[in-house]
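This report describes strand pairing, one helix and one loop residue. Look at the sequence and the model first, then read on.

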Amino acid sequence: MHIVKAMGSSSSFRGLILCAVVAVAVAMAAGQTAWASVLPFSSIEALTEKAEVVFRGRVQDVEYRLVDEGRRVVTLLIVSVEDGFKGRDSGDVKVIVPGGRYGELVQRVAGMPTFYLDEEVVLFLERYPAPRASTAAERFTLVSMGLGAFLVEGDKALRRADELRVVRERPGSPEPLGEKDRRMSIAVLEDRIRAAIVMDE
Amino acid sequence: MSRFALTSLMLVLCLGVVPRDADAYVRSLVPGGSACLYWDTREITWYLNDEGSSRIDDGTDIDAVIASFETWNEPECSDLTFEFGGLTERSDIGYIEPPPSADPEEDDNVNLVVFRRDLCTDVVPSTDPCWDCYEPDFDGPCCSTVYDCWSHSPTAIAITTTTFFTATGKLVDADIELNEARYLFTTGDGPVCEQGPALATCSSDADCGADESCMMERCRTRGCVHTDISNTVTHEVGHVIGLDHSPIPEATMYASAGVGETSKRSLHDNDIQGLCDIYPAGGPTLTCGGEEDEVPPTGCCGGGSGAMLLGLLPALMLTINAGRRERRGRI
């Protein structure tokens, strides 16, 4: 209380702190790593409708694999379902994310987020197409790339869409991927998913 | 520290740190790191798949792609040059790391632009073994390579795949794919199409049923601008050279685009400044944050968050110390 009061009594110091915080925020925003992929915006409701599986879970395993005769890298995730909304209630889900790290090189498919071990995420997934009968593994991939992936941080859900260039459906229409679409409370995100599922039924 | 001094410092910090519009280009960084992406050559050769756009048969598709790269060659303040290597039959995306002893002349990797006419899910039989290419015991090509098809999200319009060194950010390969299976690319200057970007919307007033070629023709003959090739590829090329999205809506590197947009076929001052700061004519390439760099880049936004935060550290230290001193004085 005493310290708060002492700090609060100094307008210069308060201003300086504010300026520094703003500057850091601007610096961090300016430094968002991104490459481009271009796609139309998808709302939570549209993603939910399109996805076969929607859940909140945790990344249990991240494996990089060199494929396509050595020219491409993919990341294979195992994500445990902690709170299933659609398609899955529990268990592990295998997710393919094009791009990843191999040796000293990184290959990025723009628009595909980078996942890290033990991250809490909300994922909108569609089945990886046409698995052969001989392939027992059931695999999924993200719906609409980074638009279909949220990182959960505390009570916030952050959409992993920094690497996307989003196309507006109509010339002059509002910014399609504004701050409220990039960051929302996890409660709001889950409510919207559940509402969309009810609507879909 | 006196109140006057603190206020002065505050002003200096604010004016010096917050990006001015002209400076606000942003560089791409290695994921999870602070190294900026860059090419260590000033001549980047690229190729175009010889099919070009299968929907455009008057050559304007090829011209539009070439023009997109040429646009980045124009500013005289930079000597970075994109060299068109020509049309190629190749359609494979990615990068095969050559052995260390390999002759650079024999490097088989190419920077490629390719239009994908079909979705893999539409043309590849479900029994084809290429679907198993992500399995650990499979060492053949993936379906997109075998069938020259779009294997990404069907909703994506264009995708850039880049390969670079983790430690330094040095780029070694960049490929651009355009999804012609679901989107109508145009090259003209007509009015903006009223529909959304998805091809399916073109069937709304056409009696085409599911006939895709019919839909395409109806769309094309409307003479409106849908997804402009130059507007799209010029932006992608900005990423190829290591630029990230700009906060300036008028910049080519801005993060969103409108249907029918053509204004970003050319570069904004902000894009040019990024190009010329990183690859100045006659000067060294501006790198940052990598293991090979001893000094972070100077200038606003030159190195993204990592470098900027480094630059901010002394100011933050001063701020904290000033606060401590002030508190000590008051207690």
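The expected span of a helix is 1.5 Å times one less than its number of residues. Helices (H or I, at least four residues) and strands (E, at least two) are DSSP runs, numbered from the N terminus. This is a predicted model, in which local features need pLDDT of at least 70, side-chain atom pairs count only at pLDDT 80 or more, and totals for chains, interfaces and linings use all residues. Residues are numbered from 1 along each chain as its sequence is written, while chains are lettered from A and ligands numbered from 1 in the order in which they are written.

**Chain B**

Helix H2 of chain B has 14 residues and reaches 20 Å from its first C-alpha to its last, close to the 20 Å expected at 1.5 Å a residue. Among its buried residues (20 or more other C-beta atoms within 10 Å of their own) are B:Asp61, B:Val65, B:Phe69 and B:Trp72. The buried residues of H2(B) pack against S1, S2, S3, helix H6 (229–240) and helix H7 (269–278) of chain B.

H2(B), residues 60–73, also belongs to a right-handed β-α-β unit together with S1(B) and S2(B). Right-handed means that, with the strands pointing away from the viewer, the path from the first strand over the helix to the second runs clockwise.

**Paired strands**

Two strands pair if DSSP finds at least two bridges between them. The table lists pairs from both chains.

| Strands | Bridges | Direction | Residues opposite each other |
|---|---|---|---|
| S1(B) and S2(B) | 7 bridges | parallel | B:Thr45 and B:Glu83 |
| S1(B) and S3(B) | 3 bridges | parallel | B:Leu48 and B:Val113 |
| S2(A) and S7(A) | 6 bridges | antiparallel | A:Arg58 and A:Glu120 |
| S2(A) and S3(A) | 13 bridges | antiparallel | A:Val59 and A:Val79 |

**Chain A**

S2(A) and S3(A) form a hairpin with 4 residues between them. In that turn, A:Asp68 has a positive phi of about 55 degrees.

S3(A) (72–86) is followed by a loop that leads to strand S4 (92–98) and holds A:Arg88. Is A:Arg88 buried or partly exposed? A:Arg88 counts as partly exposed because it has 18 C-beta neighbours inside 10 Å; this class lies between buried and exposed, the latter meaning 12 or fewer.

Leaving out residues up to four places away in sequence, A:Arg88 touches A:Val53, A:Phe55, A:Val81 and A:Val93. Contact here means C-beta atoms, placed from the backbone, within 7 Å. A:Arg88 and A:Glu52 are 36 residues apart in sequence, and their C-alpha atoms are 8.9 Å apart in space.

Note on methods: Two residues are in contact if their C-beta atoms, placed from the backbone, lie within 7 Å.
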